[in-house]
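Here is a quick walk through what sits inside this fold and what faces out. Keep the viewer open and click along as you read.

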Amino acid sequence: RLEVLGPRLARPLYFMAWKDCYQQAVQTFKNTFNGKNPTIQVFAPGRVNLIGEHTDYNDGCVLPMAMHLVTVIVGCPSENDGVCRLVTCSSFGPSQPSYTEFPLPSRPSDEIKLVSVEGPRWASYIKGVLALSNGRGCNIPAFDAAVATTVPLGGGLSSSAALEVATCLFVEELIRPASLGLSLQQKALLCQEAEHRYARVPCGIMDQFVSAMAKEGHALFLDCRDRSTECVPLSSQDLVILVTNSNVHHELVNNEYGQRRSTCESVCQKLNKPFLRDVTLEELEANKDSLTELEFRRARHVVGEIKRTFQAVQALKDGDYARFGHLMNESHNSLRDDYEVSCAELDELVSLARQDKGVYGSRMTGGGFGGCTVTLLKAEAVERVKENIREKYSGKATFYTATASQGAGVIPVTN
């Protein structure tokens with residue numbers, strides 16, 4: 001049975017990691033809206049996927065963890081004649097306005113009117129969640145809100161899901177004592193649908209699930225077939241997860257993501273299988289002649305990656321970090337050669353990280369075509385690896401020493 005949970009509060013030590021982001025949101029809110037204090041404060045984290053890339057929309061499995069990088073939304077109900085006002089102090093891309101306003105629909109079922117109003121792209125994620133929440137019959141009042149984020153845009157760390165999940169929590173706080181009546185899983189699915197319908201990105205379910213459901217000190221194993229989850233401990237003091245941003249940005253709305261998803265569907269049609277999850281490597285090899293060379297390589301990545309993810313979960317449970325790292329390396333090589341979603345900068349960062357003996361494994365993470373790498377390494381090797389990358393990387397990298405963090409929650413109002 002799915003339990004409808006109340007809001008989780010931000011843990012004090014976790015909150016300190018992004019206190020500046022929260023304070024920026026509050027100050028921006030006060031500066032924009034005539035000194036008012038916010039009465040609602042929520043956050044949702046970005047995530048890094050340890051292994052299981054481009055498997056979620058193939059009914060496969062993934063192993064992400066939430067990070068200390070978050071999106072914060074603060075605000076309050078307003079008396080603006082049904083007009084919502086949004087402002088951000090963060091950069092959501094070039095030529096993206098930092099302020100927008102739009103009217104709420106007059107009827108709860110009128111979703112289209114809400115998202116048809118022109119505005120910055122970052123606001124479409126928020127308006128999509130509002131539209132679907134409104135479509136559930138909720139009486140959402142007009143509001144003023146400020147948004148701040150430390151999740152890098154286009155870094156493959158799920159900035160869009162963090163924004164959507166934070167919005168969903170904001171709506172729930174806004175309509176109290178009423179409720180959306182949704183479990184954490186159902187909230188994640190609502191946010192996914194918002195991204196499909198209103199941001200036009202055919203994403204899988206991983207990003208929203210981990211942002212909403214993650215547990216501190218654990219990775220989240222998610223089986224995308226039955227949507228079951230398992231928290232896998234990941235908190236060894238001798239182990240560090242280093243996320244390195246190539247600062248090469250990608251935009252998944254271009255056709256690359258959709259093309260790969262269509263290719264996977266084409267293979268399934270030819271093999272008479274519902275999803276690539278249902279195909280074994282042996283079956284794929286046996287039917288190689290019925291596929292194009294491109295279809296075969298795309299499918300080989302997905303089928304192999306699903307198998308690697310199950311093996312990686314067991315390795316983590318066994319504390320076999322060398323095995324886990326080997327699987328990460330295999331994953332990157334497959335993403336580079338078969339799925340072709342890596343790029344020269346990501347390959348360079350992975351290669352530089354792997355040069356250190358203290359590194360268990362390194363791979364690109366996220367949708368690809370830029371963004372970040374994730375590296376599993378011994379704590380004593382972190383500074384050596386970072387220095388090696390600083391000296392030899394052709395670009396300018398940004399580093400995040402990640403810990404497995406908690407999922408979305410409410411920040412208590414103290415004023």
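What follows is a short tour of a predicted model, taken a few pieces at a time.

## The nonpolar cores

Let's start in the middle. The largest nonpolar core holds 110 residues, and Leu63 and Phe324 are the ones that touch the most other members. If you click on Phe324 and skip its neighbours within four places in sequence, you'll find it in contact with Leu50, Leu63, Ala312, Ala315, Leu316 and Leu376. Apart from this core lies another one, made of 16 residues, including Ala25, Phe29, Val72 and Val74.

## Helix α8: one side in, one side out

Helix α8 covers residues 255-271, so 17 residues, and at 1.5 Å a residue you'd expect 24 Å; its first and last C-alpha atoms are in fact 24 Å apart. Its buried residues are Tyr257, Arg260, Arg261, Thr263, Cys264, Val267, Cys268 and Leu271. They all sit on the same side of α8, because they cover an arc of only 155 degrees around the axis. What do the buried residues of α8 pack against? Their partners are α9 (281-286) and α10.

Flip to the other side of α8 and you'll see Asn255 and Gln269, which are exposed. Right after the helix comes Asn272, with a positive phi near 60 degrees.

## Helix α10 and the glycine after it

Helix α10 runs over residues 293-318. Its 26 residues should span 38 Å at 1.5 Å a residue, and the end C-alpha atoms are 37 Å apart, so the two agree. Just past α10, Gly319 takes a positive phi of about 70 degrees.

## Helix α12 and its cover

In helix α12 (residues 344-354), the buried residues are Leu346, Leu349, Val350, Leu352 and Ala353. Their arc around the axis is only 165 degrees, which puts them on the same side of α12. Several elements help to cover them, including β8 (239-245), α11 (321-337), β9 (359-365), β10 (372-378) and α13 (382-392).

## Strands β3 and β4

Which way do the side chains of β4 point? Along this strand (residues 99-103) they alternate: Thr100 and Phe102 point to one face and are buried, while Tyr99, Glu101 and Pro103 point to the other and are not buried. That fits a general pattern: in a regular strand, side chains alternate between the two faces of the sheet.

Strand β3 (residues 83-88) runs antiparallel to β4, and five bridges join the two. One of the pairings to look for is Cys84, whose bridge partner in β4 is Phe102.

## Two buried loop residues

Thr55 is in the loop between β1 (40-51) and β2 (61-77). Buried or exposed? Thr55 is buried, with a relative accessible area of 0%. Its side chain reaches the backbone oxygen of Cys61 at 2.8 Å. Leaving out residues up to four places away in sequence, Thr55 touches Gly60, Cys61, Val62, Val302, Glu305 and Ile306.

Ser405 belongs to another loop, between β11 (398-402) and β12 (409-410). Its relative accessibility is 3%, under the 20% cut-off, so Ser405 counts as buried. Where does the side chain of Ser405 find polar partners? A polar atom of that side chain lies 3.0 Å from the backbone oxygen of Thr403, and a polar atom of the side chain is 3.4 Å from the backbone nitrogen of His68.

Technical notes: Residues numbered from 1 in each chain as written. Predicted model: local features only at pLDDT ≥ 70, side-chain atom pairs only at ≥ 80, totals over all residues. Heavy atoms only, no water. Buried < 20%, exposed > 50% of the residue type's maximum accessible area, 1.4 Å probe, protein only. Helix = DSSP H or I, 4+ residues; strand = E, 2+ residues; numbered from the N terminus. Arc of directions from axis to C-beta. Contact = heavy atoms within 4.5 Å. Core = buried A, V, L, I, M, F, W, Y, C linked by side-chain atoms within 4.5 Å. Pairing = 2+ DSSP bridges. Polar contact = N/O pair within 3.5 Å; in protein donor to acceptor, adjacent residues only side chain to side chain.
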